[in-house]
Amino acid sequence: MRYISTRGQAPALNFEDVLLAGLASDGGLYVPENLPRFTLEEIASWNGLPYHELAFRVMRPFVAESISDADFKAILEDTYAGFAHSAVAPLRQLDTNEWVMELFHGPTLAFKDFALQLLGRLLDHFLTKRGERVVIMGATSGDTGSAAIEGCRRCENVDIFILHPHNRVSEVQRRQMTTILGDNIHNIAIEGNFDDCQEMVKASFADQGFLKGTRLVAVNSINWARIMAQIVYYFHAALQLGGPLRSMAFSVPTGNFGDIFAGYLARNMGLPISQLVVATNHNDILHRFMSGNQYDKDTLHPSLSPSMDIMVSSNFERLLFDLHGRNGALVKDLMDSFRQNGKLSVEPERWTEARRLFDSLAVDDEATCATIAEVHAQCGEVLDPHTAIGVRAARECRRSMSTPMITLGTAHPVKFPDAVRKAGVVEPQLPPHLADLFDREERCTVLPNSLTEIQQFVSAHGNRGKPL
Ligand SMILES: *Cc1c(COP(=O)(O)O)cnc(C)c1O
């Protein structure tokens, strides 16, 4: 499998190089040159497989030339053995023909573990083979940081630096990062906000001199391997509910358009999906596109669902690429003009094409809490605010009552106690593997909002705590 850039100028790469590359050199995002396509018979034959075996079948075509079947199988088995529920991604029924897929049984209680647990293991596999080390730098407002650190904690060849805004992440989220101890794990609390953290990471990718030749790797959702890992659970859910012989609808709480783009790919790989619902909070650039063909940058308004607080959606470009007949030059022009004007719309036929599959809804904090309360009263389930947004959108946008509607349950409610409390629902307890989270030792360095100081810190500690 070869991967090409959405802007058409960067060289095509194989899986191993895409994993290490992050952004393409032309500023675009990597996508598979040809998507694998499975027949209905083939998909049906996977019925009843354990999660890691299904994962092997779905992802094999994407990685086949880069890693042996035996190695990939072993990595997948190890990746998903660490999940607290033996079904890995169990379905929970909310109402007649309505379900939540619980994607929060991984080590950090959010769906990002599905991809980042795999990504850490794949990185280490390839780096060992190459005899190389890398540095990972990432900025987080909460979920990504802990999932990335958990994913890399046992990597021999990776040092990971995660920047979070000092005193501006929840205590559960901070402790999930800072209590993972290891000489290759570096938590940095920046005296600034999330944007400051993100700017410093971006600046470090743009000018890597401080790394003295060590490669810098990105683990945000522009990394293709993350999208790839998320395709699997769409197949998994459908197979539980009578697919592929009947089609499914999914509702996906969305920020950077990563998780829902994986569902779009699952459909293009042959899984019958008749509807995908884009569920956003009041930071609703994706809803404005889907409902009115206006992808316009707005200011950021903090919400009760902070993992979806975004101004622009980094993976949206991957959808634009397909909507424009995979013409990289057209996408480049569109993105250049978006960068200048902060606005984008596509030709009416292309937008109509997107609307055949996608619907959308923006859900504010009040409706989020009302949905948490409503679902709790209906069936006793406690939803986290992101998942609640998905359920609200599923209910309002549903096209067919006879098609199973599955909302992606992206986080465990214990991670977002504020919203659950505001909804008037009793807060759930931390699961057993995190029960002592508040007693664990924390390790974190507070640094000023200064690029030079951050980069000095990275180069002084980037080799298992020693200088690069
Ligand atoms: C990251 C995250 C999202 C948004 O996912 P995208 O892939 O960016 O659309 C939604 N919910 C939770 C809990 C998250 O951590």
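These are my notebook entries on a ligand site, a helix pair and two backbone features.

**Entry 1: the model.** I am working from a predicted model.

**Entry 2: ligand surroundings.** I looked up which residues surround the ligand and counted 15 of them. The closest are Lys112, Asp143, Gly255, Asn256 and Thr410. I then sorted this shell by class and recorded five nonpolar, seven polar and three charged residues.

**Entry 3: backbone contacts to the ligand.** I listed distances from ligand oxygen to polar backbone atoms of the protein. An oxygen atom of the ligand is 2.8 Å from such an atom of Asn256. For Gly255 the corresponding distance is 2.9 Å, and for Phe257 I noted 3.3 Å. I also looked up how much of the ligand is covered: taken alone it exposes 380 Å², and the protein buries 96% of that.

**Entry 4: helix 5 and helix 6.** I turned to the helices that hold Lys112 and Asp143, since both names recur in the contact between helix 5 and helix 6. Helix 5 spans residues 112-130 and helix 6 spans residues 143-152. Their axes are 7 Å apart and the packing angle is about 35°. I recorded the crossing as right-handed. On the helix 5 side, the contact is made by Lys112, Asp113, Leu116, Gln117, Gly120 and Arg121. Helix 6 contributes Asp143, Thr144, Ala147, Ala148, Glu150, Gly151 and Cys152. By class, I found four nonpolar, four polar and five charged residues in this contact. Lys112 and Asp143 are thus listed in this contact and also among the closest residues to the ligand.

**Entry 5: a cis peptide bond.** Where does Pro244 lie? I placed Pro244 in the loop between helix 9 (224-240) and strand 9 (248-253). The peptide bond from Gly243 to Pro244 is cis, with omega near 5°.

**Entry 6: a positive phi.** I checked Lys212 and found a positive phi of about 50°, although this residue is not a glycine. Lys212 lies in the loop between helix 8 (194-206) and strand 8 (215-217). I kept these last two entries because most residues other than glycine have a negative phi, and most peptide bonds are trans.

Notes:
Residues numbered from 1 in each chain as written. Predicted model: local features only at pLDDT ≥ 70, side-chain atom pairs only at ≥ 80, totals over all residues. Heavy atoms only, no water. Axes fitted to C-alpha atoms, helices over the stretch in contact; angles between N-to-C directions. Helix = DSSP H or I, 4+ residues; strand = E, 2+ residues; numbered from the N terminus. Left-handed = near helix turned anticlockwise from the far one by under 90°. Contact = heavy atoms within 4.5 Å. Nonpolar A, V, L, I, M, F, W, Y, C, P; charged D, E, K, R; others polar. Near = heavy atom within 4 Å. Polar contact = N/O pair within 3.5 Å; in protein donor to acceptor, adjacent residues only side chain to side chain. Areas by Shrake-Rupley, 256 points an atom, 1.4 Å probe, with all protein chains shown as cover.
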